[in-house]
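Q: I have a model open and want to read its empty spaces, its buried parts and its strand pairing. Can we take these one at a time?

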Amino acid sequence: MSGQDEATASRTALRVCPLCEATCGLTLTIEGTKVTGARGDRDDVFSQGFICPKGASFAEVDSDPDRLTGPLVRKDGTLQEATWSEAFDLVAARMRPLIEEYGPDSVGVVLGNPNVHTMAGALYPPVLLSLLRTRSLFTASTVDQMPKHVSSGLLFGDPLAIPVPDLDRTDHLLLLGANPLDSNGSLCTAPDFPGKLKALRRRGGTLVVVDPRRTRTAKIADRHVPIRPGTDALLLAALAQVLFEEKLTDPGVLQEQVEGLAEVREAVRDFTPEAVAAACDVPADEIRLLARGLAAAPTAAVYGRVGSSTVEFGTLANWLVDVLNIITGNLDRPGGALFPLSATAPSPRPAGPGKGFALGRWKSRVGGHPEAKGELPLAALAEEIDTPGEGRVRALIAIAANPVLSAPDGLRLDRALSEHLDFMVSVDPYLNETSLHADVVLPPPPPSQSAHFDFAFNAFAVRNQARYSPPAVPLEDGRMDESEIHARLILAVSGMHGADPSAVDDLVIERALTKAVAEPHSPLHGGDPEHLAALLTGRAGPERRLDLMLRLGPYDLVLEDLLANPHGVDLGPLQPRLPQVLKTRSGKVELLPGPIAADLPRLRRALDERPAAGLVLVGRRHLRSNNSWLHNIPSLNGGSNRCTLQVHPDDAARLGLTDGGGARISAEGGELEVPVEVTDAVRAGVVSLPHGWGHDRKGARMAVAAASPGVNVNQLLDGSRLDPLSGTAVLNGFPVDVTPIS
């Protein structure tokens, strides 16, 4: 075959989709070195051929002409093309003097959720943070799932010990604030979530959806409960109260592993169905039916997501989700909620007390917000940059993050990035609303040119499995591998600029092996670190690190096993794992932790507060989108994926709003003008506006997104509304004013 024939030859390659949490297997069609199509991999051990519109658009995402092809460096006030050497030289020259003069906390780090969708994004930021030693860490978690991390940390001693519903075996599933038919699941990695819900009903099970919107998920449910937004914690507390009051609790084998049952019963005593009915706008009789249905089911699982997290009682709601799973005996039980065991998780240690989980080990400089899981609220980033004084954030490293759109009060953050930073680095494939402010932009290559392993999502998967995707096509000339970008960035900011980037991986491997051989329960206990390091296989540092993590994991796997099984290795259904999961100081599930008990009076006060008059706002998900990522892809932009204000017909008539007309929506953070969509998919008293839009910043280079920019819903917020335990922004259930405009 001639060189020209090779350049145009058609072939296929397997790839795990990196565009949402479902992690579906794809079969890519490749012409020469260009991906031209994608379909579901029917032999994938996890997804078995399922694909959604995002996965089907992989080729379009991969070849988006607005993707940056090389680094940009700010010269004379404008971002200009530069060499990789110039870019990293500038990072080292500007960042190290700032750290040495003002200390590591003067450097803020912002991590966006695309990090957990790439292999490099999962492996390298923890190394950066460990060497930089800054406390100024902000991530997408505090506009998403941090309440779940906090509640899990307090209950189980580990913020990453998050049980997931056993979708394939449960008889009864109660969903709150979740719309997996559009989101494909979240903190519950499940390809073909829609098919699993339909299978639940076909086998005679029950699906209950609690949501102020009649979502696509709610439409297939046995029962839809259109709750008043933001009152999930009240409803869940009432369900627990009924279970205790009617003697329907049955922890079963959990009884010996849980402490605090009597205390929880007393804590929820006041939350009777009658007491919460008005606040939730759910009749007391219906609340009792929901509780009795949970108790009567042979197996059941309660699952809550974004809608029950990004509210004023987000941590309490997430705590109560697990309380219900525990008191019904459904935690750590097949058909209930189980703890996944990833192939790269550390080998399970013997059961026993751990170090526990602490909140508020330090606080933010300006607002005094307590840290959670080592992070400060993303809502506080702007004030940490633009408020003068000692300890101000002077430099920023933004990795796959677009907080100008994802954080409250994006206009203030936009100004802070433009006017108050001394230096900024952005690792991003696009010049977007945030990266346009950077002094250096480091673009990773398209996903087809990168290896892939799901370190994060396998820890939330509804079935244990492991799949690895080598790069589908070679790295293009002039591109730099994403892992090398991260490694060189780490070297530049940590004072090792100029060292070989492999030094970062070597350091991590050395530290991990030194620790592993000293731990009695490690599979490598007693070995020689140098000898063990020599046994690792892989073409580069990331593969060697993956191989090491597999060897340290619970399944006796090595990298060669994954390479030999390109459709994946099935590791079986989830299994009960308590008490090995627990890291609390008591060695038990601590059902009523101190911080939770201290926050419950705030929830009790909500019983006496009259619901706010007027309208409240909730967000919504789109099947063809993932936050602000995919609005630049033509096939994913349009149709139902629109930035409209959904309004119930009764509210529209009362306010003089018309379908397709305009509305002005305002709250404490500002006001927006947005087109109206009149629909009974939202309940009366509620309006809905999606998250992740507002692509109208001058200087951004995202032509498709800019043609249909939408508005940034988070501009309605000023950052003052936070769940106090987790620091998570209240993005749902806050009051707004809506008026018609011409």
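The dialogue below goes through cavities, a pocket, a helix, a sheet and two single residues.

Q: What kind of model is this, and how are residues numbered?
A: This is a predicted model, where local features need pLDDT of at least 70, side-chain atom pairs count only at pLDDT 80 or more, and totals for chains, interfaces and linings use all residues. Residues are numbered from 1 along each chain as its sequence is written, and side-chain values use heavy atoms, with hydrogens and water left out.

Q: How many cavities of 30 Å³ or more are there?
A: Rolling a probe the size of a water molecule over the atoms shows where empty space is left. On a 1 Å grid over the protein atoms alone, a cavity is a set of points where a 1.4 Å probe fits but cannot get out; a pocket is an open set with protein on both sides within 12 Å along at least five of seven lines. Lining residues have an atom within 4 Å of a point. Grid points are joined across faces, edges and corners, and a volume is the space filled by probe spheres set on the points. Here there are three cavities of 30 Å³ or more. The largest holds about 100 Å³.

Q: Which residues lie nearest the centre of the largest cavity?
A: They are K148, I162, P163, Y303 and G304, out of 14 lining residues. Strand 8 (164-165), strand 13 (301-304) and helix 16 (314-327) each give two or more residues to this lining. Helices (H or I, at least four residues) and strands (E, at least two) are DSSP runs, numbered from the N terminus.

Q: What about the second largest pocket?
A: Its space is about 570 Å³. Of its 27 lining residues, P229, E312, P611, A612 and G733 are the closest to the centre. Helix 25 (594-608) and strand 28 (734-741) each supply at least two lining residues. Helix 25 gives the most, with three.

Q: Why is helix 7 described as largely enclosed?
A: Buried means under 20% relative accessible area, exposed over 50%, partly exposed in between (1.4 Å probe, protein chains only). Helix 7 (residues 146-156) is largely enclosed by the rest of the structure because eleven of its eleven residues are buried. K148 and H149 are among them. Contact means heavy atoms within 4.5 Å. The buried residues of helix 7 pack against helix 15 (306-309), helix 16, strand 22 (589-590) and helix 25. Just after helix 7, G157 takes a positive phi of about 85 degrees.

Q: In what order do the three strands of the open sheet run?
A: Strands of a sheet pair through backbone hydrogen bonds, either parallel or antiparallel. Two strands pair if DSSP finds at least two bridges between them. Here the order is 1-2-3, and the pairing is antiparallel. Strand 1 (10-16) and strand 3 (34-40) are the edges, each pairing on one side only. Strand 2 (residues 25-31) pairs with strand 3 over six bridges.

Q: Is T217 buried or exposed?
A: T217 is buried, at a relative accessible area of 0%. This residue sits in helix 10 (residues 216-219). Beyond residues up to four places away in sequence, T217 touches L175, N179, P180, L181, L197, L207 and V209.

Q: Where does S625 lie?
A: S625 is in the loop between strand 23 (615-618) and strand 24 (645-647). With 11% relative accessibility, S625 counts as buried. Leaving aside neighbours within four places in sequence, S625 contacts K54, L630, H631 and N641. The C-alpha atoms of S625 and G692 are separated by 9.2 Å, though the two residues are 67 apart along the chain.
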